[in-house]
Amino acid sequence: MAVKFSKTFLLRKLHQITGIVPLGMFFFVHMFTNSKAMNGEAAFNKAVKEIHDIPFLLLIEIFGIFVPLIFHSVYGILISAEAKPNALNYGYGRNWFYMLQRATGIFLFFFILFHVLNLRFGLVPYLNMTPVAGNADKAFAIVAGEFQITWVMVVYIFGILATAWHLAYGFFLFAVDWGIVIGEKAQKFTLAAGLGLAALLSFVGINAAFSFVRPCGLMPKFICEETKKPAPSGAAKF
Amino acid sequence: MTTNAHIEKKRLETPPATIKFKIQRREKEGAQAHWETFELQYRRNLNVISALMEIRKDPVTIEGKQTTPPVWDMSCLEQVCGICTMVIDGKVRQSCSALIDDLLLASNSDTVTLAPMSKFPNVRDLKVDRSKMFDHLKQVEAWIELDGTYDLGPGPHVPNELAQERYAFSRCMTCGCCLEACPQYGDDNYIGPQAIAQARLFNMHPTGKMTAEDRINGLLGDDGITNCGNAQNCIQVCPMSIPLTKAIYETNRDITVNTLFGWLKK
């Protein structure tokens, strides 16, 4: 007997995979690039320049980021609209996480829209009007200028926290939805790993954001390249 | 909650003189629902059903208004038939095993709130029509094909481990707790954990396995298994401690390996 996939089935599976493969992967790369700001303006602008030099960049941007992002967020909002939240009566941890996944998703829809218009395109009135794309030499200055404004910084910190959580819990959801993780014990391990990942991504992301207003971000300055003194030659290693 | 949670009985040390029952009333399907409060003398060892029986003897509300006796469903009175399921103090459970002392201790008040399950058509007062759940069982063909035009013979033996695992799923009494607590269930857009667990039960059976694809097909529709939102309330409220999430995720694996990527075998 042949199997029949319904539209909902295929769209849900697509929603689950787009969250991990293009978007999750992109977030790791994004945080890695941002963290280069720890080493100062020149290092960050060089990183942006290197992105500009990626072959097929426009196609990658459209089909690797924008199309999956629009699909994932629009379909995610449709899924959220179906929810009948009941965490007040059934206040179990994973029921709250269910709520939180939808709440962060809806927040991220607006945050990412703002973020892309603000920095990628430079189209948010009264804020930065220079797109980072195509202006690699000004990239650090543009972002640093935005992050001087307190409310913008606060919005970005919430954006990073929400993304880190949504992605890390998304890994757990993907693992159970695709039948990778099944049993109760395995779920607990996966969830613990997810919580750890969320904390790590949050820290890396927020640290990178602070790197635009303070050298080396939240980390002690000695670990960053720019301020590191060259080790005296011939000195004992231990 | 475990199946034998009632064994450790908690006692209300200083019980109130009277207890109030706030009950959602509805005259018939489609009629406007309203609330009525009744008052009862406290006595030891009351449960929700015995309290309701007490109320229906003389259905006078706390304001002194004579009203109709509340209607509810009940049968086994030992939490194995599932028919007396209702929403008690905001949580779905069987009313026969809901002890008043436990409820008052949990809510720290003298009031017990009773409402019908919200995800099923409300026939009257606390009685609901759960036939949707039987439609779901038909949708996933939750049965085993026995003899057809010829004798299929006895089924093969199964390892004890498999029998134990299947036994857990076989305890389902179709009470509806999992569906009521599921934030994704409702408006006919999700088949719910009950039918998924039953599909799993019969797909694990050596004879049932032969028609496994038919059951999986019943879960691939627009109301299928992918509508699960992993809130996992089902496993928390299931009075029979059925590993419902395990059934869902095992079926997810089955679908990923055999259905989604099944074409890789061709």
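In strand S5 of chain B, the bridge partner of Ile88(B) is Leu114(B). This pairing belongs to a predicted model, in which local features need pLDDT of at least 70 and side-chain atom pairs count only at pLDDT 80 or more, while totals for chains, interfaces and linings use all residues. Residues are numbered from 1 along each chain as its sequence is written, and chains are lettered from A and ligands numbered from 1 in the order in which they are written.

A good place to start is the strand that carries Ile88(B). Helices (H or I, at least four residues) and strands (E, at least two) are DSSP runs numbered from the N terminus, and two strands pair if DSSP finds at least two bridges between them. Strand S3(B), residues 85-88, is joined by two bridges to S5(B), residues 111-115, and the two run antiparallel. Here Val87(B) stands opposite Ala115(B). S3(B) is also joined to strand S4(B), residues 91-94, by four bridges, again in an antiparallel arrangement. Within that pairing, Thr85(B) has Gln94(B) as its bridge partner. S3(B) and S4(B) make a hairpin with two residues between them, and Asp89(B) in the turn has a positive phi of about 50°.

The side chains of S3(B) alternate: Thr85(B) and Val87(B) point one way, Met86(B) and Ile88(B) the other way, and all are buried (20 or more other C-beta atoms within 10 Å of the residue's own; 12 or fewer would make a residue exposed, and anything in between partly exposed, with C-beta atoms placed from the backbone). S5(B) has a further partner in strand S1(B), residues 18-25, to which four bridges join it in parallel. Phe21(B) is paired there with Val112(B).

Turning to the domains, whose bounds come from an automatic or database assignment, chain B is divided into domain 1 (5-128) and domain 2 (131-265). Their centres, taken over C-alpha atoms, are 32 Å apart. Each domain of chain B brings 13 residues to the contact between them, where two residues are in contact if their C-beta atoms, placed from the backbone, lie within 7 Å. On the domain 1 side, S3 and S4 of chain B each supply at least two residues, and S4(B) has the largest share with three residues. The domain 1 side comprises six nonpolar, five polar and two charged residues; Ala, Val, Leu, Ile, Met, Phe, Trp, Tyr, Cys and Pro count as nonpolar, Asp, Glu, Lys and Arg as charged, and the others, Gly among them, as polar.

Chain B also touches chain A, through 31 residues of chain B and 29 residues of chain A. Helices H7 (212-217), H8 (233-237) and H9 (244-260) of chain B each supply at least two residues of the chain B side. H9(B) gives the most, with nine residues. That side of chain B divides into seven nonpolar, 16 polar and eight charged residues.

Chain A itself has seven helices and zero strands. Its C-alpha atoms fill a box of roughly 70 × 50 × 40 Å along the principal axes, and buried residues make up 28% of its 238 residues. Of the contacts in chain A between residues at least 6 apart in sequence, 63% join residues at least 24 apart. Helix H6(A), residues 150-177, reaches 39 Å from its first C-alpha to its last over 28 residues, close to the 40 Å expected at 1.5 Å a residue (1.5 Å times one less than the number of residues). Just after H6(A), Gly179(A) takes a positive phi of about 70°.
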